[in-house]
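The following exchange is intended for a reader who is meeting this structure for the first time. Please consult the sequence and the model while reading.

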Amino acid sequence: MRRSLAAVLGLALVPALALAGPAAADEPEEQFRALWVDAFNVGIYTPDQVTTLVEDASDLGVNALIVQIGRRFDCFCNDALYPRTDARVDPAPYDPLAEVIEVAHAAGIEVHAWVNATTLWNSATPPTSPEHAFNAHGPTATGADRWLNQREDGTELVGNNSYIDPANPAAVDYVVEAITSITENYDVDGVNLDYIRYPDYNSGEFQNDWGYSETSLARFAAETGRTDRPAVTDEEFSQWRRDQVSALVRKIYVAMYGSDPSDRLSINGITYAFGPVSYGGWENTRPYTNVLQDWVSWLDEGIIDTITAMNYKRNWMPAQAQMFTEWNDALIASRADRHVVNGPALYLNELPDIVAQAEETVAAGFDGWSGYSYANFSATATASSNPAVKDAEREAVTAALRAGPLADDVVVPEMEWKTQPTAGVLEGTVTLRTGVVADQVDVQVQPLGRTPGESFTVTTDGSGWFAAVDLAPGRYRLRVVEDGATGAGATVLVVAAGQITSAEVTAGGV
């Protein structure tokens, strides 16, 4: 259950995290060693597949499995807000997620629930569950109940692919609640967010054409006061859309922290094309401009624990080998006291290049290596439909990696910012006296004390919610500073290390 407010002045604290002792000198090296296990291929459809998966992972020395549980607002599980998948898994009571957790944990392997955050549906046949978001909030819905993202040209479906708009407050809250339903009902070790960005299918490589739903444009106009229809290259609109994705990440992080602080939030970071060094900086790269994913800021703010970078490059092509190295350098430089894990594409390379990329990953000083993917361990495996070929490739690559860069047994790195916290989290909601939530209202956070720190401003999301993480322990004053807000009193509260402090703020009309 998520821990939130209860006390005087809207103050609420969660119990402090237990402190972990220092690691012994003879303990194994810390390195996150993982495999992505996609749910479009075999791996978790039956108990026998799960048993084989865990055996194969153990052979590679894997200490974490990133298992695709939520593909398109469905769940390969029986007990979550997302409805059970229509995929041809063994019938209930078989629960793929529960099975993976039981078998993997028995082998000493962590399980991270891989969830696609914004991909809604991809079939001409609607999902069977009437509660699925595509049926309830897709093409038949209207107004704010219609969660579909829309491209500037009016497109909502690319083929059969549809996406939710991260600027839709109801869609955002549903995703957050669905993810926390997984962390609360299953003993997962973390959540891995994929498609935590705006969609592809754009008319240019350094612009994004999405975000033109009725709800999105109305909220952008309300925030900026603009009455025009922004262009896809409009810098203000691009940053606003980028902020919507960041707000979703922040909300998931704080919700998970309240549900179980030991859970790791990782995100699949985009590394399209070349790295920042080739474009004159992060803000000119394709992840930032083309899909509006600002994972550098997420690391810096501390709203993710780990980035698992999808550094999918063909090592045998010189240009792509350069891309791989440039992104390696950028990832290490962006670490910001969190964990950065390199994710090479096994499926695009053959054995020598797979080993070479793993060697480069280890030499670069990453916090881990994650291979994509379990289903296809090499380009040969990808090209073949023969299970025997796929198995043989997996065995050959495993043997080569274990004889080389992944020879040592390793343990998952400790998240010291959680196990030995020195900072706290602040969250809250702003509600108008009329009872309406305060969407996109600025709240000033002022550190108090003998030597007050510099104040900063946070902005509420579409549900009136705001948060700040990585705060030094101490007293803080909250005050709504939005132009037009009237009668907004100050709220004083205390932030403690390893705890969430929650507040409810009431303001006049805006």
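Q: Where is the place of A273?
A: This is a predicted model. In it, two elements flank A273, namely strand 8 (264–270) and helix 7 (276–279). The place of A273 is the loop between strand 8 and helix 7.

Q: Is A273 buried or exposed?
A: A273 has a positive phi of about 60 degrees although it is not a glycine. Its relative accessible area is 17%, and the cut-off for a buried residue is under 20%. A273 is therefore buried.

Q: Is D337 buried or exposed?
A: D337 is likewise not a glycine, yet it has a positive phi, of about 65 degrees. It is found in the loop between helix 10 (318–333) and strand 10 (339–344). Its relative accessible area is 66%, and a residue over 50% counts as exposed. D337 is therefore exposed.

Q: Which residue does a cis peptide bond join to A92?
A: The bond in question has an omega of about 20 degrees. The partner of A92 lies in the loop between strand 3 (64–70) and helix 2 (96–106). That partner is P93.

Q: What is the omega of the cis peptide bond from Y372 to S373?
A: S373 belongs to the loop between strand 11 (368–371) and helix 12 (379–383). The peptide bond leading from Y372 to S373 is cis. Its omega is near 0 degrees.

Q: How are helix 1 and helix 13 oriented to each other?
A: Helix 1 (residues 47–60) packs with helix 13 (residues 387–403), their axes being 9 Å apart. The angle is about 30 degrees, and angles under 35 degrees count as roughly parallel. Helix 1 and helix 13 are therefore roughly parallel.

Q: Which residues in helix 13 meet helix 1?
A: From helix 1, the contact involves D56, D59 and L60. By class, the contact of the two helices has 2 nonpolar, 1 polar and 4 charged residues. On the side of helix 13, the residues are R394, T398, L401 and R402.

Q: Which strands stand at the edges of the open sheet of 3 strands?
A: The order of the sheet is 16-13-19, with mixed pairing. Each edge strand has a single partner strand, so one side of each is left without a neighbour in the sheet. The edge strands are strand 16 (465–471) and strand 19 (500–507).

Q: Which residue in strand 16 stands opposite G424?
A: Strand 13 (residues 424–432) pairs with strand 16 in the antiparallel sense, over 5 bridges. The residue of strand 16 that stands opposite G424 is L471.

Terms used: Residues numbered from 1 in each chain as written. Predicted model: local features only at pLDDT ≥ 70, side-chain atom pairs only at ≥ 80, totals over all residues. Heavy atoms only, no water. Axes fitted to C-alpha atoms, helices over the stretch in contact; angles between N-to-C directions. Helix = DSSP H or I, 4+ residues; strand = E, 2+ residues; numbered from the N terminus. Parallel < 35°, antiparallel > 145°, perpendicular 65-115°, else oblique. Contact = heavy atoms within 4.5 Å. Nonpolar A, V, L, I, M, F, W, Y, C, P; charged D, E, K, R; others polar. Pairing = 2+ DSSP bridges. Buried < 20%, exposed > 50% of the residue type's maximum accessible area, 1.4 Å probe, protein only.
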